[in-house]
Amino acid sequence: MSCTAPIRVRAGHPVSKSGARRGATFAFAAQGVSVAAVYTTVPAVTEHLKLAPLVTTTVMVAVALTAGGGSFLGLAAIRHAGPVATMRGAVLTAGATLVLIGWAPDEATVVCAYVIFGLAVGALDVGANSRAAAIERAYGRSIFGSFYTAWSVGGVVAALLTAGAARLEWSVAVGLSAQAGIVLLLAVCVRTHALPSSSAGPSDSPAQPPLGRRLWIRLIPFGLVLLVVYVVDSTVSAWSAVYLRQNLAASLAVAPLAYAAYQAGTVIGRVATDRLVQRFGGVAVVRTAASLVAGALAGMATAPSWPFAVLAAGVVGLGASVLAPLCLASAAWLRPAASAAVLARLNLFNYAGVITGGAVSGLLGSTGRFRLAYAAPAALAVLVLAAARHFTQQPPRPARAENVPPFDRADLQPLG
């Protein structure tokens with residue numbers, strides 16, 4: 001198709017890198033809101049339904065397990081309908097399950113709702129990350145950090161909304177319904193735009209070459225870093241509100257503030273991620289971030305009061321914020337023609353970390369040992385330091401503007 005002919009998708013959207021970037025940004029923001037809404041309302045849901053601590057821990061682990069399965073459902077959906085449709089469908093499902101969690105009348109219903117949420121967020125994860133990898137290749141420079149900034153901003157907004165709802169004495173059902181409204185509004189903003197790039201689309205093509213054993217070996221360093229990141233993330237995200245509530249005598253209105261501070265830290269870190277990588281290189285950024293995370297986790301473990309824990313959580317977010325986007329971007333560059341499949345497999349490390357961190361911290365917390373749950377992950381920073389030397393991939397080359405990816409091409413018609 002000639003580059004001189006104007007090309008538009010059937011829905012009227014132009015071929016646009018910036019439009020595609022906006023759509024993916026809204027999807028990341030929706031994921032941040034939905035995940036924060038679930039994690040920060042755990043204490044309220046637990047108290048409302050009178051769930052036993054072990055049941056709460058089991059539910060959080062189940063969310064991580066089903067998210068792993070949802071990642072592969074998302075991969076199948078990408079091959080069938082493309083990443084944009086996958087993102088939009090997953091965001092709508094996540095929003096609906098927030099309502100179901102809030103209004104669940106009993107334990108069985110809320111468990112089913114959490115399981116469905118896990119599947120939705122797993123599919124959204126692989127859809128959004130594969131789309132982000134394609135957009136980054138189209139731009140030809142590091143922009144992954146900007147997508148995760150949107151994720152973190154969504155998390156901050158949702159955590160503050162949870163805290164505000166508790167202060168206003170809203171029921172958990174009303175609070176989660178408000179969160180769901182934000183998610184569904186963001187879903188409407190996830191529009192389809194074609195990428196003017198021949199290299200942006202092969203990852204979305206149904207026909208992909210086998211990944212091979214060698215690629216698995218090259219993924220291991222990134223997988224280990226991602227595992228550590230999500231051990232830390234799940235320990236702070238899933239349990240910080242419970243930690244403040246149970247161990248540091250915080251109120252229901254104050255308990256979500258640690259999560260809000262954590263996500264605020266990630267916003268600051270991710271805003272600077274792309275510039276830091278371009279200036280200092282991935283290796284230096286990863287090593288500095290790992291050291292910062294270790295020190296801040298030790299601070300959370302020894303916090304004498306909830307304000308200190310909130311501050312430490314913010315510093316953890318600042319350090320951890322750069323690691324996940326750098327892992328995902330670096331892994332996607334290993335096999336640009338099959339980045340969706342690569343990221344779906346890399347997500348196994350993601351959810352292994354979530355399960356490990358969530359289960360261990362939950363079990364320790366149920367026995368009153370949350371401080372140990374925050375001290376233990378600090379030692380894992382050594383693994384990140386050892387793997388940092390692998391973050392040396394060159395950024396992708398800018399792609400040619402006259403071509404569009406296969407999934408987008410199916411929806412294109414020349415004007416006139």
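Here are some friendly notes on the cavities, helix contacts and ring pairs of this structure.

1. **Before you start.** Please keep in mind that this is a predicted model. Have the 3D view open as you read, and look up each residue as it is named.

2. **Empty space inside.** Rolling a probe the size of a water molecule over the atoms shows where empty space is left. How many cavities of 30 Å³ or more are there? The count comes to 4. About 350 Å³ of space lies in the largest cavity, while the second largest has a volume of about 60 Å³.

3. **The largest cavity.** This cavity is lined by 25 residues, and those closest to its centre are V35, W151, Y230, D233 and N350. Which helices should you colour to see the walls? At least two lining residues come from each of α1 (17-40), α3 (53-81), α5 (107-139), α6 (144-167), α8 (212-246), α9 (257-280) and α13 (339-366). Sorted by class, the lining of the largest cavity has 16 nonpolar, 6 polar and 3 charged residues.

4. **The second largest cavity.** Among the residues lining the second largest cavity are V228, V229 and V232, together with A290, V293 and P377. Helices α8, α10 (282-301) and α15 (381-387) each supply at least two residues of this lining. Which helix gives the most? That is α8, with 3 residues. What classes of residue make up the lining of the second largest cavity? By class there are 10 nonpolar residues, with no polar and no charged ones. Try setting that beside the mixture around the largest cavity, where 6 polar and 3 charged residues join 16 nonpolar ones.

5. **Two helices in contact.** Two packed helices are described by the angle between their axes and the distance between the axes. Take α5 and α6 as your example: their axes come within 9 Å and cross at roughly 145°. On the α5 side, the contact is made by D125, N129, A132, A133, I135 and E136. The α6 side contributes F144, F147 and Y148. By class, this contact of α5 with α6 has 6 nonpolar, 1 polar and 2 charged residues.

6. **A stacked ring pair.** The structure holds 3 aromatic pairs. One of them joins F28 and F147, which are stacked, with 5.5 Å from centre to centre and 25° between the planes. This pair links distant parts of the chain, as F28 sits in helix α1 and F147 in helix α6, 119 residues apart. Are these two residues buried or exposed? Both F28 and F147 are buried. You can follow the rings a step further, for ring pairs link F28, F147 and Y148 into a cluster. You have already met F147 and Y148 in the contact between α5 and α6.

7. **A tilted ring pair.** Now turn to Y243 and Y374. Why is this pair called tilted? The ring centres are 5.0 Å apart and the planes stand at 40°, so the pair falls into the tilted group. Y243 lies in helix α8 and Y374 in helix α14 (residues 370-379), so the pair ties together parts that are 131 residues apart in sequence. Y243 is buried, as is Y374.

8. **One last residue to find.** A272 belongs to helix α9. With a relative accessible area of 23%, A272 is partly exposed. In sequence, A272 and S321 are 49 residues apart, and in space their C-alpha atoms are 9.9 Å apart.

Key: Residues are numbered from 1 along each chain as its sequence is written. This is a predicted model: local features need pLDDT of at least 70, side-chain atom pairs count only at pLDDT 80 or more; totals for chains, interfaces and linings use all residues. Side-chain values use heavy atoms; hydrogens and water are left out. On a 1 Å grid over the protein atoms alone, a cavity is a set of points where a 1.4 Å probe fits but cannot get out, and a pocket is an open set with protein on both sides within 12 Å along at least five of seven lines; lining residues have an atom within 4 Å of a point. Grid points are joined across faces, edges and corners, and a volume is the space filled by probe spheres set on the points. Helices (H or I, at least four residues) and strands (E, at least two) are DSSP runs, numbered from the N terminus. Ala, Val, Leu, Ile, Met, Phe, Trp, Tyr, Cys and Pro count as nonpolar, Asp, Glu, Lys and Arg as charged, and the others, Gly among them, as polar. Axes are lines fitted to C-alpha atoms, for helices over the stretch in contact, and angles run from 0 to 180 degrees between N-to-C directions. Contact means heavy atoms within 4.5 Å. Rings of Phe, Tyr and Trp (its six-membered ring) pair if their centres lie within 6.5 Å; planes under 30 degrees apart count as stacked, over 60 as edge-to-face and the rest as tilted. Buried means under 20% relative accessible area, exposed over 50%, partly exposed in between (1.4 Å probe, protein chains only).
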